[in-house]
Amino acid sequence: MEIFPGAVHLPRFLSLAEQLELAERCQAIGNGPTGWYVPTVRGGGQMRVRMVCLGRHWNARTYRYEASRRDHDGRPAPPLPPQLSALAVRMAEAAGMRLLPDVCILNSYDAAGKMGLHQDKDERQDTLAAGVPIVSVSLGDTAKFIIGGLTRKDAKTMVPLASGDGFVFGGPSRLRFHGVAAVLPHTGPPELGFDGRLNLTFRQGASPP
Ligand code: SIN
Ligand code: MN
């Protein structure tokens, strides 16, 4: 379902079995040796999510991508598993777009989790200019995902992102402001066996050309 030109919601893209497998993989990474941490942003505030970046690391202090977690524990970013990249490519294709992801930012939200309105614009200039999409995959509790325009004050719409949903935003929508206003507790499939929400965003252009 096209929300804006280039912004496509893919409800229930993943089967329950696929959600389970993906959730288990994400939890294993997050609970592993180079796992979850709470980023502190430029202004000194803590984000309302736990994060792990795969493939490259997004430094919340500098808003730049780098090889290792210099704003946290200095460990190299874990690799981006090819099965995850393949999922992102498949979702982009279903939305009529293409990307070759070099990074996935994995976010874990608890019942109080949210993410302020922002643009994803830290990727390489050539991929931003080309409108190479962001591919977002949601698991667990439903989020109230907010998406607006190219300036912060533009009108916004709310898209509920439920477990197994994809959301692809590229082309003229690549730089739209977006965020997560709230996570709705106990709305995810009980079979997944965890509280809260996981979100994966795949991006191209986090590595040097
Ligand atoms: C993000 O904007 O980077 C994450 C969005 C989400 O959690 O749905
Ligand atoms: Mn974002």
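This is a short conversation about reading a metal site, a ligand pocket and some aromatic rings in a predicted model.

Biologist: Glad to join you! Which residues coordinate the manganese ion (ligand 2)?

Modeller: To read a metal site, begin with the donor atoms. In this predicted model, the manganese ion (ligand 2) is held by NE2 of H118, two OD contacts from D120, and NE2 of H178. The distances run from 2.1 to 2.7 Å.

Biologist: How are these donor residues spaced in sequence?

Modeller: The pattern is H-x1-D-x57-H. H118 sits in strand β7 (residues 115-118) and H178 in strand β12 (residues 178-183), so this pair, 60 residues apart, links distant parts of the chain.

Biologist: Are H118 and H178 buried or exposed?

Modeller: Both H118 and H178 are buried.

Biologist: And what is the geometry of the manganese site?

Modeller: For geometry, look at the angles among the donors. Here there are six donor atoms, with angles of 49 to 171°. Six donors count as octahedral only if opposite ones are over 155 degrees apart and all others lie between 65 and 115. The site of the manganese ion (ligand 2) is irregular, because an angle of 49° fits neither range.

Biologist: Let's move to the other ligand. Which residues surround ligand 1?

Modeller: A pocket can be read as a list of neighbours. Around ligand 1 stand Y109, M115, H118, F145, H178, V180, R197, N199 and R203. H118 and H178 belong to this list and also coordinate the manganese ion (ligand 2).

Biologist: Which polar side-chain atoms lie close enough to an oxygen atom of ligand 1 to give a distance?

Modeller: There are examples from three residues. R197 has a polar side-chain atom 2.8 Å from an oxygen atom of ligand 1. For H178 the distance is 3.0 Å, and for H118 it is 3.1 Å.

Biologist: R197 seems worth another look. Which ring does R197 lie over?

Modeller: Check where the charge sits relative to the ring's face. R197 lies over the face of Y109, at 4.9 Å from the ring centre. Elsewhere, R176 lies over the face of F4, with 3.7 Å to the ring centre.

Biologist: How many aromatic pairs does the structure hold?

Modeller: Three. One of them joins F167 and F169, with 5.9 Å centre to centre and 50° between the planes, which makes the pair tilted. Ring pairs also link F145 with F167 and F169 into a cluster, and F145 is among the neighbours of ligand 1.

Biologist: Why do F167 and F169 count as buried?

Modeller: Compare the relative accessibility with the cut-off, under 20%. F167 counts as buried because its value is 0%, and F169 does so because its value is 2%.

Terms used:
Residues are numbered from 1 along each chain as its sequence is written. Chains are lettered from A and ligands numbered from 1 in the order in which they are written. This is a predicted model: local features need pLDDT of at least 70, side-chain atom pairs count only at pLDDT 80 or more; totals for chains, interfaces and linings use all residues. Side-chain values use heavy atoms; hydrogens and water are left out. Rings of Phe, Tyr and Trp (its six-membered ring) pair if their centres lie within 6.5 Å; planes under 30 degrees apart count as stacked, over 60 as edge-to-face and the rest as tilted. Buried means under 20% relative accessible area, exposed over 50%, partly exposed in between (1.4 Å probe, protein chains only). A charge sits over a ring if NZ of Lys or CZ of Arg is within 6 Å of the ring centre and within 35 degrees of the ring normal. Donors are N, O and S atoms within 2.8 Å of the metal (3.2 Å for Na, K and Ca); water is not among the atoms, so sites may look incomplete. Four donors count as tetrahedral if all angles lie between 85 and 135 degrees; four count as square planar and six as octahedral if opposite donors are over 155 degrees apart and all others between 65 and 115; anything else is irregular. Helices (H or I, at least four residues) and strands (E, at least two) are DSSP runs, numbered from the N terminus. A residue is near a molecule or strand if one of its heavy atoms lies within 4 Å of it. A polar contact is a pair of N or O atoms within 3.5 Å; within protein, one must be able to donate a hydrogen and the other to accept it, and residues adjacent in sequence count only if both atoms are side-chain atoms.
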